[in-house]
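Could you walk me through this fold in the viewer, one selection at a time? I have the structure open and would like to know what to click on and what is there.

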Amino acid sequence: MPEIALLGRSNVGKSSLLNSLAGAQQLARTSGTPGRTRLLNLFSVQEGRLRLVDCPGYGYARAARSLRTEWAGLMEQYLTHRSQLALALLLVDGRLEPQALDLDAAAWLRARQIPLQLVATKWDKLSGNQRPLALRRFADAFAAPVLGYSSVSHAGRDELRSLLLSRA
Ligand code: GDP
């Protein structure tokens, strides 16, 4: 079964996106304590045609060095050895300028030839004027396709679903 990895900084809205995508409230737990998830959580979706893999968030400033090392080891193992990995969804906060850590993550994926789709989260927080500007800014900075997504209004959900299905 093809797998799609969900990656992003702690608090970017990864759990919320998973729940929105699945149309379920409690599929993925939204994190009260950012950076605490240390496991890969696998969700079978689209009648078992593909699997979403919720990866632990990165870049939590207060995480101990040992935890950061553990994260890097886990991700390295998973992302480089998983033959069924079809795509990485890299979530970035749509309200922010492109962040160095996220650009690093994109470069890391690219260096390993892992296909990348950028998702700009919290899209409901941007005005109609800000959205096209943000899309251009992300597309330029990351040189990757980008999709705006809101887990509140579910904007972008249909596009994301068909994008995922096209990988199944
Ligand atoms: P995670 O750590 O990446 O799993 O992030 P969460 O899904 O737990 O979300 C972090 C915070 O951002 C929570 O307070 C969410 O309610 C909020 N959030 C997530 N997605 C959205 C969104 O699309 N719109 C808005 N307005 N808030 C969001």
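Select alanine 106 to begin. Beyond its neighbours within four places in sequence, alanine 106 is in contact with Leu90, Leu116 and Phe142. The model is a predicted one, and in it alanine 106 sits in helix α3. Is alanine 106 buried or exposed? Alanine 106 counts as buried, because its relative accessibility of 2% falls under the 20% cut-off. Now add alanine 144 and draw a distance between the C-alpha atoms: the two residues are 38 apart in sequence and 9.0 Å apart in space.

Next, follow one of those contacts to phenylalanine 142. With neighbours up to four places away in sequence set aside, phenylalanine 142 touches Leu90, Val92, Pro98, Asp102, Leu103, Ala106, Arg110 and Leu118. Its relative accessible area is 2%, so phenylalanine 142 is buried.

Keep phenylalanine 142 on screen and show phenylalanine 138 as well. Both residues belong to helix α4, where they are four residues apart, about one turn of the helix. Phenylalanine 138 is buried too, with a relative accessible area of 1%. How many aromatic pairs does a search of the whole structure find? It finds one. In that pair, the ring centres of phenylalanine 138 and phenylalanine 142 are 6.3 Å apart and the planes meet at 45 degrees, so the pair counts as tilted.

Now widen the selection to the core around these rings. The largest nonpolar core has 26 residues, and the members that touch the most others are Leu7, Leu79, Leu90, Leu109, Leu118, Phe138 and Phe142. To see where the core comes from, colour β1 (3–8), α2 (65–81), β4 (85–93), α3 (100–111), β5 (116–121) and α4 (130–142): each supplies at least two residues. The biggest contribution is that of β4, with four residues. Apart from this core lies another one, of 18 residues, including Val12, Leu18, Leu21 and Leu50.

Time for the sheet. Switch to a cartoon view and find six strands forming an open sheet in the order β2-β3-β1-β4-β5-β6, with mixed pairing. At the edges are β2 and β6 (146–148), each of which pairs on one side only. From one strand to the next, the twist averages 25 degrees.

Zoom in on β1. All six of its six residues are buried. In a regular strand, side chains alternate between the two faces of the sheet. Show the residues of β1 and you will find Glu3, Ala5 and Leu7 pointing one way, with Ile4, Leu6 and Gly8 pointing the other.

Then look at the partners of β1. With β3, the pairing is parallel and spans four bridges; here leucine 6 stands opposite aspartate 54. With β4, the strands also run parallel, joined by six bridges. Two places to click are glutamate 3, which stands opposite leucine 85 in β4, and glycine 8, whose bridge partner in β4 is leucine 91.

Turn next to the helices that pack on the sheet. Helix α1 lies across β1, β2, β3, β4 and β5, at about 145 degrees to β1. Helix α3, where the tour began, touches β1, β4 and β5, and its direction makes about 170 degrees with that of β4.

Stay with α1 (residues 14–22) for a moment. Seven of its nine residues are buried: Lys14, Ser15, Leu17, Leu18, Asn19, Ser20 and Leu21. These buried residues pack against β1, β2 (41–45), β3 (50–54), β4, β5 and α5 (157–165). Just past the helix, select glycine 23 and check its backbone: phi is positive, at about 65 degrees.

For the last stop, select glutamine 117 in strand β5. Which residues does glutamine 117 touch, not counting those up to four places away in sequence? They are Leu87, Ala88, Leu89, Leu90, Pro145, Val146, Leu147 and Leu163. Glutamine 117 counts as buried, at 8% relative accessibility. To finish, show the backbone of proline 145: its oxygen lies 3.5 Å from a polar atom of the glutamine 117 side chain.

Technical notes: Residues are numbered from 1 along each chain as its sequence is written. This is a predicted model: local features need pLDDT of at least 70, side-chain atom pairs count only at pLDDT 80 or more; totals for chains, interfaces and linings use all residues. Side-chain values use heavy atoms; hydrogens and water are left out. A nonpolar core is a set of buried Ala, Val, Leu, Ile, Met, Phe, Trp, Tyr and Cys residues joined through side-chain atoms within 4.5 Å. Buried means under 20% relative accessible area, exposed over 50%, partly exposed in between (1.4 Å probe, protein chains only). Contact means heavy atoms within 4.5 Å. Two strands pair if DSSP finds at least two bridges between them. A polar contact is a pair of N or O atoms within 3.5 Å; within protein, one must be able to donate a hydrogen and the other to accept it, and residues adjacent in sequence count only if both atoms are side-chain atoms. Axes are lines fitted to C-alpha atoms, for helices over the stretch in contact, and angles run from 0 to 180 degrees between N-to-C directions. Rings of Phe, Tyr and Trp (its six-membered ring) pair if their centres lie within 6.5 Å; planes under 30 degrees apart count as stacked, over 60 as edge-to-face and the rest as tilted.
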